[in-house]
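Me: I'm new to reading protein models, so could we walk through this one together, one question at a time?

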Amino acid sequence: YKEWVFRQYDHMVQVYTVFLPGADAALLRIKGSRKALAVSLDGNSLYTRLDPKTGAKIAVAEACRNLACIGARPVGVTNCLNFGNPEKPEVMWQFEQAVEGMAEACRTFGIPVTGGNVSFYNDTEGLSIHPTPVLGIVGILDDIRKALSPGFKAAGDVVVLIGENREELGGSEYLRVVHNLEAGAPPSIDLEREKRLQEFCLDAIEAGLVRSAHDLSEGGLAVALAECVFHGRRKLGCSVALEDSLRPDTLLFGESQSRILVTCRRKDLD
């Protein structure tokens, strides 16, 4: 659905771009070096409306997770914080909670906020926009030869879900699109657990054990699997065993955090 944007913009400027649009993060080569610069931009306004502090934490965590999926470690943050009229107590409370959540997440990942901006008074006819903190996080990939893209790579590879499925449908695209509901509590997030997940993914990539990686976010497991099919150079499908006690809609479309889909050669599974 973002294709209309990148079809109008030259995403291959000066041929620094490593991946075509659709990867978890943009990757730019640094000429004369094996290092590369990774950039991710994330935010979920519905999560932040339902729980401002948690929504802001997730925005930071997801941006870092997107960097981890291509093999990069985060080094710095900028932001664009978009809110309604701050003269309304509830809007100022949303802003305060979002900043606190963002700060906590940045401390967990050890990344400084180098700058950003705040946009207030985004109201129309007295109605405020959903609070929308957008995080831009930059990372470094030490060896561009180890960069990963999200698409399935080869027939016979094993699909592995790293992380835990939980019964969390609040704030999901499934509720919004299928049931026309913007309700419930957004997914919970344990920042320390999230950091361990990302470090595990980065270590596996560094060791050459992973063939592709893709984070689970909007749309949940079913959408992530479909995206892995779309983004492969070869259009490879998959057969998966969903061995979980959760009810099917929660398992397929729940948006629990701290999950990454990876593929590996069968010999590397253990």
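Me: Is Arg-65 buried or exposed?
Reply: Keep in mind that this is a predicted model. A residue counts as buried when its relative accessible area is under 20%. Arg-65 comes out at 0% relative accessibility, so Arg-65 is buried.

Me: Okay, which residue forms a salt bridge with Arg-65?
Reply: The closest N and O atoms of the pair are 2.8 Å apart. The partner has 0% relative accessibility too, so this residue also counts as buried. The one you're looking for is Glu-194.

Me: How many residues apart in sequence are the parts that Glu-194 and Arg-65 tie together?
Reply: Look at where each one sits: Arg-65 is in helix α3 and Glu-194 is in helix α6 (residues 191-206). Both also belong to one network of salt bridges with shared partners, together with Asp-215. Along the sequence, the parts tied together by Glu-194 and Arg-65 are 129 residues apart.

Me: And which strands does helix α3 lie across?
Reply: Helix α3 covers residues 52-70 and runs at about 25° to β7. The sheet here is an open one with 5 strands, in the order β1-β2-β7-β3-β4. From that sheet, helix α3 lies across β1, β2, β3 and β7.

Me: Which strands are the edge strands of that sheet?
Reply: The order is β1-β2-β7-β3-β4, with mixed pairing. An edge strand pairs on one side only, and that picks out β1 (26-29) and β4 (113-119).

Me: How many bridges join β3 to β7?
Reply: These two strands, residues 73-82 and residues 132-141, run antiparallel. Along them, Leu-81 stands opposite Pro-133. The number of bridges joining β3 to β7 is 9.

Me: Which residue meets Arg-73 in a salt bridge?
Reply: Arg-73 lies in strand β3 and its partner lies in helix α6, so the pair ties together parts 130 residues apart in sequence. Arg-73 is partly exposed at 36%, and the partner is partly exposed at 46%. The N to O distance is 3.8 Å, and the partner is Asp-203.

Me: Last one: which elements do the buried residues of α7 pack against?
Reply: Helix α7 spans residues 220-230, and its buried residues include Leu-221, Ala-224, Leu-225 and Cys-228. In an α-helix there are 3.6 residues a turn, so residues three or four places apart point the same way. The buried residues of α7 pack against β8, β9, α8 and β10.

Methods. Residues are numbered from 1 along each chain as its sequence is written. This is a predicted model: local features need pLDDT of at least 70, side-chain atom pairs count only at pLDDT 80 or more; totals for chains, interfaces and linings use all residues. Side-chain values use heavy atoms; hydrogens and water are left out. Two strands pair if DSSP finds at least two bridges between them. Helices (H or I, at least four residues) and strands (E, at least two) are DSSP runs, numbered from the N terminus. Contact means heavy atoms within 4.5 Å. Axes are lines fitted to C-alpha atoms, for helices over the stretch in contact, and angles run from 0 to 180 degrees between N-to-C directions. Buried means under 20% relative accessible area, exposed over 50%, partly exposed in between (1.4 Å probe, protein chains only). A salt bridge is a side-chain nitrogen of Lys or Arg within 4 Å of a carboxyl oxygen of Asp or Glu.
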